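This report introduces the spaces, ligand surroundings and selected residues of one structure. Please keep the display below at hand while reading.

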Amino acid sequence: MMPFDYRRAPDAESAVAAATGLAGVAFLAGGTNLVDHLKLGVAEPEVLVDISRLPLDSVAELPDGGLRVGATARNADLAAHPVVRRDYPVLARALLSGASGQIRNLATTGGNLLQRTRCVYFQDVSTPCNKREPGAGCSAIGGYTRHHAILGASAHCVATHPSDMAVAMAALDAQVSVLGPEGRRVVPLVALHRLPGDEPHRDTVLSPADLILSVDLPPLPPGSRSLYRKVRDRASYAFALVSVAAVLRVEDGVVRDARIALGGVAHKPWRARRAEDLLLGSPADEEVFRRAVDAELAGAAPLAGNAFKVPLTRNAVVSALRDLSREER
Ligand SMILES: Cc1cc2nc3c(=O)[nH]c(=O)nc-3n(C[C@H](O)[C@H](O)[C@H](O)COP(=O)(O)OP(=O)(O)OC[C@H]3O[C@@H](n4cnc5c(N)ncnc54)[C@H](O)[C@@H]3O)c2cc1C
Ligand code: SF4
């Protein structure tokens, strides 16, 4: 492990000030991802700014009926929050499907959003990886690709984003509050993560001194139902091969609201806009669900080792929508 300077910030403004102007800086929250990367030599910051004790761990109801989730709120606490369990089952299920109880007790909201890909080559510093070292090449292309992207990848990187929570938040139209050297701004969660393009080393639109403060979840319209379905190699303690976060509102057999986000298939939580457009105003039946997901997957470009993800995604989305629409009857 490279030596680094450790600083503990008393408040958000000091944390940002401590990071401003430094390229080799990282915020330390729960440390469940970052500390592994320090040990592996994947991350080599000169300065670590500890934000784990900042007063950003509350989960508070908003006047419009939504919820504000602090950046250092722990994944376990968020999953157990009564409003999350009642109003956002998609989020509670996504959180509980991730990692283990011990890790969820430490992992934070901001850290979960900004955790890095689980591409095996990214984590192995003996192999070329454009995300770790721009211009080095991509070992996954032509290599082991079972867990890699089928949508939105590039010739420079085919990695997937590993978070379950972020997929649920993408379907919920969450908004991320960020404090940076230039002040505060709000970034829609669906615009936080990037596709790899020719800069796969940039996971998100944030810069090194940008601190996530909180995530707002808007209220869901009355009658909405939601669920999270995760398909993986083991029943627990495994990242998604494919996951689906779906929010559906059906009235008199017609789809009035549909929000679908996919995990395990792209460099970012993938909002299935084409499928959503096709569903809106259509009958809530299985044939429509199948046509909608096929429209989304028309742009899929599977790799040698992950063609199975196309039918797996199709089946996971159709079964999620079928279950949600059945509950309506
Ligand atoms: C064995 C194992 C299994 C796992 N399985 C799953 C799984 O199935 N599904 C899943 O979703 N996750 C899984 N995880 C990942 C886990 O959810 C993440 O490690 C965790 O959520 C990261 O949160 P943290 O607070 O520990 O982040 P840290 O490790 O502290 O930080 C992660 C990154 O986020 C940055 N960061 C943290 N907070 C902020 C902030 N407020 N503003 C700006 N930057 C910030 C850090 O600088 C760092 O780059 C697993 C992890 C392990 C170790
Ligand atoms: S897929 Fe991306 S993260 Fe994995 S080796 Fe290629 S460049 Fe690196």
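## Cavities and ligand surroundings

A search of the whole structure finds three cavities of 30 Å³ or more. The structure is a predicted model. As background, empty space left between atoms is revealed by rolling over them a probe the size of a water molecule.

The largest cavity holds about 80 Å³ of space. It is lined by 17 residues, and those closest to its centre are Cys119, Cys129, Cys138, Cys157 and Ala159. By class, this lining comprises ten nonpolar, six polar and one charged residues.

What takes up the space of the largest cavity? That space is taken by ligand 2. Around ligand 2 there are 13 residues, of which Cys119, Cys129, Cys138, Cys157 and Val158 come nearest. The shell around ligand 2 divides into nine nonpolar, three polar and one charged residues. Cys119, Cys129, Cys138 and Cys157 therefore appear both among the residues closest to the centre of the cavity and among those nearest ligand 2, where a residue is counted as near if one of its heavy atoms lies within 4 Å.

The second largest cavity holds about 60 Å³ of space. Its lining consists of Gln115, Arg116, Thr117, Lys131, Thr160, His161, Asp203 and His267. This lining has no nonpolar residues, five polar ones and three charged ones.

An open space is also described. The second largest pocket has a volume of about 350 Å³. Among the 23 residues that line this pocket, Arg118, Cys119, His147, Phe239 and Ala240 lie nearest its centre. The lining of the pocket divides into nine nonpolar, ten polar and four charged residues. Cys119 is thus named for this pocket as well as for the surroundings of ligand 2.

## Ligand 1 and its polar contacts

Ligand 1 is surrounded by 31 residues, the closest being Phe27, Gly31, Thr32, Thr108 and Asp164. Which backbone atoms lie at short range from oxygen atoms of ligand 1 is set out below, together with contacts made by protein side chains. The table lists these contacts with their distances.

| Atom or group | Partner | Distance |
|---|---|---|
| Oxygen atom of ligand 1 | Polar backbone atom of glycine 30 | 2.8 Å |
| Oxygen atom of ligand 1 | Polar backbone atom of asparagine 33 | 2.9 Å |
| Oxygen atom of ligand 1 | Backbone N or O atom of alanine 99 | 3.1 Å |
| Polar side-chain atom of lysine 230 | Backbone oxygen of serine 97 | 2.8 Å |
| Polar side-chain atom of lysine 230 | Backbone oxygen of alanine 238 | 2.9 Å |
| Side chain of aspartate 285 | Backbone nitrogen of glutamate 287 | 3.2 Å |

Alanine 99, one of the partners of ligand 1, lies in the loop between α5 (89–96) and α6 (101–106). Because its relative accessible area is 35%, alanine 99 is classed as partly exposed. Serine 100 is located in the loop between α5 and α6. Is serine 100 buried or exposed? With a relative accessible area of 14%, serine 100 is buried, since buried means under 20%. From serine 100 to histidine 156 the separation is 56 residues in sequence and 32 Å in space, taken from C-alpha to C-alpha.

## Backbone angles

Most residues other than glycine have a negative phi. Alanine 99 has a positive phi of about 55° although it is not a glycine. Aspartate 173 likewise has a positive phi, near 60°. Aspartate 173 is placed in the loop between α8 (165–171) and β6 (175–180). Its relative accessible area is 27%, so aspartate 173 counts as partly exposed.

## Lysine 230 and aspartate 285

Lysine 230 belongs to strand β9, which spans residues 225–231. The relative accessibility of lysine 230 is 15%, and the residue therefore counts as buried. Its side chain has a polar atom 2.8 Å from the backbone oxygen of serine 97, and a polar atom of this side chain lies 2.9 Å from the backbone oxygen of alanine 238.

Where is aspartate 285 placed? Aspartate 285 is found in the loop between α9 (273–279) and α10 (286–297). Its relative accessibility of 32% is why aspartate 285 counts as partly exposed. The side chain of aspartate 285 reaches the backbone nitrogen of glutamate 287 at 3.2 Å. Aspartate 285 and valine 254 are 31 residues apart along the chain, and their C-alpha atoms are separated by 8.8 Å.

Conventions
Residues are numbered from 1 along each chain as its sequence is written. Chains are lettered from A and ligands numbered from 1 in the order in which they are written. This is a predicted model: local features need pLDDT of at least 70, side-chain atom pairs count only at pLDDT 80 or more; totals for chains, interfaces and linings use all residues. Side-chain values use heavy atoms; hydrogens and water are left out. On a 1 Å grid over the protein atoms alone, a cavity is a set of points where a 1.4 Å probe fits but cannot get out, and a pocket is an open set with protein on both sides within 12 Å along at least five of seven lines; lining residues have an atom within 4 Å of a point. A molecule sits in a cavity or pocket if more than half of its atoms lie within 2 Å of its grid points. Ala, Val, Leu, Ile, Met, Phe, Trp, Tyr, Cys and Pro count as nonpolar, Asp, Glu, Lys and Arg as charged, and the others, Gly among them, as polar. Grid points are joined across faces, edges and corners, and a volume is the space filled by probe spheres set on the points. Helices (H or I, at least four residues) and strands (E, at least two) are DSSP runs, numbered from the N terminus. Buried means under 20% relative accessible area, exposed over 50%, partly exposed in between (1.4 Å probe, protein chains only). A polar contact is a pair of N or O atoms within 3.5 Å; within protein, one must be able to donate a hydrogen and the other to accept it, and residues adjacent in sequence count only if both atoms are side-chain atoms.
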